[in-house]
Amino acid sequence: QRCPKERPSGEIEWTPGVPELRARQTASGELEVGVRSDTPNLQSTRSRIDGGEWRALNNGHLTWKLQDGENRLEVCSGNVQGALGPIVTAIVTFKRQ
């Protein structure tokens, strides 16, 4: 049976191991990002900004200070067996006024 082109209403969309990002502006040029992952046996969630070093997230939140131009945030989760999920990327273009 083929997958339908559209999802029926009420159907749950869930992909284990893929972090969900939610951002809100807290100041000019600053976002608070919440990260949630339904990774089975979750051990860690890591992030990096603009291709920098990967860092562990504390309590699933981070403050993202934006620079003029394109800003890139990457997040991934890992489980206790050492398997890493896919990298989720958010790109924000910012211009100070």
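Mentor: A residue counts as buried when its relative accessible area is under 20%, as exposed when it is over 50%, and as partly exposed in between (1.4 Å probe, protein chains only). The structure is a predicted model in which local features need pLDDT of at least 70 and side-chain atom pairs count only at pLDDT 80 or more, while totals for chains, interfaces and linings use all residues. Residues are numbered from 1 along each chain as its sequence is written, and side-chain values use heavy atoms, with hydrogens and water left out.

Trainee: How many helices and how many strands are in the protein?

Mentor: Helices (H or I, at least four residues) and strands (E, at least two) are DSSP runs numbered from the N terminus. Read from that end, the elements run β-β-β-β-β-β-β. The count is therefore zero helices and seven strands.

Trainee: What share of the residues in the protein is buried?

Mentor: The protein has 97 residues, and the share refers to this whole number. One of the buried residues is serine 77, in strand β6 (residues 69-79), with a relative accessible area of 1%. Over the protein, the buried share is 28%.

Trainee: With which side chains does the side chain of serine 77 form polar contacts?

Mentor: A polar contact is a pair of N or O atoms within 3.5 Å; within protein, one must be able to donate a hydrogen and the other to accept it, and residues adjacent in sequence count only if both atoms are side-chain atoms. At 3.3 Å, one partner of serine 77 is serine 37. At 2.8 Å, another partner of serine 77 is threonine 39.

Trainee: Which residue forms a salt bridge with glutamate 74?

Mentor: Side chains of opposite charge can pair when their charged atoms come close. A salt bridge is a side-chain nitrogen of Lys or Arg within 4 Å of a carboxyl oxygen of Asp or Glu, and here the closest N and O atoms are 2.7 Å apart. Glutamate 74 is buried at 10%, whereas its partner is partly exposed at 23%. That partner is arginine 48.

Trainee: How many residues apart in sequence are the parts that this pair ties together?

Mentor: Glutamate 74 lies in strand β6, and arginine 48 lies in strand β3 (residues 42-49). Because the two residues sit in these two strands, the pair ties together parts whose separation in sequence is 26 residues.

Trainee: Which residue forms a salt bridge with arginine 36?

Mentor: The structure holds four salt bridges, and in this one the closest N and O atoms are 3.3 Å apart. Arginine 36 is partly exposed at 48% relative accessibility, and its partner is partly exposed at 28%. The partner is aspartate 38.
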